[in-house]
Amino acid sequence: MTHMLCRNKVADFAKWKRGFDSHAEAHREAGLKLVHLWRDVADPNNVFFLFEVGSTKKARAFISAPEAAEAGKEFGVLDGEMHFIVERAAKRAVKRGTKR
């Protein structure tokens with residue numbers, strides 16, 4: 001499964017969150033499902049969020065659209081980054097008869 005991990009440094013979390021929430025339908029249309037949202041303990045205006053990605057192509061089109069940059073500015077995004085990541089199952093080699 002593909003996810004998109006994002007970080008936004010924002011001027012005002014409350015303002016950013018209202019804007020972020022107002023784009024929930026646009027996120028869904030872009031194949032993005034919000035899984036988690038976190039705030040940095042030391043800097044609560046540093047926000048991390050994780051989307052499950054239904055379509056990488058649609059997600060990339062959404063985040064690269066000029067409207068996305070405009071919305072980010074409007075809602076106080078000062079800096080940000082996004083990474084598409086793929087979940088892989090962890091495999092452990094366990095030998096029979098060994099104690100853990």
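Q: How much of the protein counts as buried?
A: This is a predicted model, so everything here is computed from it. A residue counts as buried when its relative accessible area is under 20%. Going through the 100 residues of the protein with that cut-off, the share that counts as buried is 24%.

Q: What share of the accessible surface belongs to carbon and sulfur atoms?
A: Let's look at the outside now. The accessible surface of the protein comes to about 7,200 Å². Of that area, the part belonging to carbon and sulfur atoms is 54%.

Q: In what order do the helices and strands run from the N terminus on?
A: The protein has 4 helices and 4 strands to place. Read from the N terminus on, the elements run β-α-α-β-β-α-α-β.

Q: Which strand pairs with β1 over 9 bridges?
A: Strand β1 covers residues 2-10 and is joined to β3 by 7 bridges, running antiparallel. One of the β1 residues, Leu5, has His83 as its bridge partner, and His83 is in β4. The pairing over 9 bridges is antiparallel too, and the partner of β1 there is strand β4 (residues 77-86).

Q: Which residue of β3 is the bridge partner of Arg7?
A: Strands β1 and β3 run antiparallel, and you can follow that along the pairs. His3 is bridged to Glu52 of β3. Further along the chain, Arg7 has as its bridge partner Phe48.

Q: How many residues lie between β2 and β3 in their hairpin?
A: Strand β2 spans residues 32-39, and β3 spans residues 46-53. They run antiparallel, with 7 bridges joining them, and one of the partnered pairs is Leu34 with Phe51. Together they form a hairpin, and the number of residues between them is 6.

Q: Why is strand β3 described as largely enclosed by the rest of the structure?
A: Strand β3 has bridges to β1 and also to β2. Now count its residues by burial: there are 8 of them in the strand, and being buried takes a relative accessible area under 20%. Strand β3 is largely enclosed because the number of its residues that are buried is 6.

Q: Is Asn46 buried or exposed?
A: Asn46 is found in strand β3. Leaving aside neighbours within four places in sequence, Asn46 is in contact with Arg7, Asn8, Lys9, Trp38, Arg39 and Asp40. Its relative accessibility is 13%, which is under the 20% cut-off, so Asn46 counts as buried.

Q: Which element gives the most to the largest nonpolar core?
A: The largest nonpolar core has 13 residues, and those with the most contacts inside it are Met4, Trp16, Leu32, Val47, Phe49 and Phe51. At least two residues of this core come from each of β1, α1 (13-22) and β3. With 4 residues, the element that gives the most is β3.

Q: Where is His27, and is it buried or exposed?
A: His27 has its place in helix α2, residues 24-29. Not counting residues up to four places away in sequence, His27 touches Phe20, Leu32, Phe51 and Phe62. Phe51 has its own set of contacts beyond four places in sequence, including Met4, Cys6 and Val35. With a relative accessible area of 10%, which is under 20%, His27 in α2 is buried.

Q: How far apart are the C-alpha atoms of Met1 and Val53?
A: Met1 lies in the segment before β1, and Met1 is exposed because its relative accessible area of 52% is over 50%. Even so, Met1 touches Glu52, Ile85, Val86 and Glu87, not counting residues up to four places away in sequence. Along the chain, Met1 and Val53 are 52 residues apart, while their C-alpha atoms are separated by 7.7 Å.

Q: What is the C-alpha to C-alpha separation of Lys57 and Gly31?
A: Lys57 sits in helix α3, residues 56-64. Lys57 is exposed, with a relative accessible area of 73%. Lys57 and Gly31 are 26 residues apart in sequence, and in space they are separated by 9.2 Å.

Q: Which residues make the nonpolar surface patch of about 250 Å²?
A: Start with Trp38, found in strand β2. Trp38 is partly exposed, because its relative accessible area of 40% falls between 20% and 50%. The patch of about 250 Å² is made by Leu5, Trp38 and Ile85.

Definitions and conventions. Residues numbered from 1 in each chain as written. Predicted model: local features only at pLDDT ≥ 70, side-chain atom pairs only at ≥ 80, totals over all residues. Heavy atoms only, no water. Patch = residues over 30% accessible without salt bridge, like charges linked within 9 Å, V, L, I, M, F, W, Y side chains within 5 Å. Areas by Shrake-Rupley, 256 points an atom, 1.4 Å probe, with all protein chains shown as cover. Salt bridge = Lys/Arg side-chain N within 4 Å of Asp/Glu carboxyl O. Buried < 20%, exposed > 50% of the residue type's maximum accessible area, 1.4 Å probe, protein only. Pairing = 2+ DSSP bridges. Contact = heavy atoms within 4.5 Å. Core = buried A, V, L, I, M, F, W, Y, C linked by side-chain atoms within 4.5 Å.
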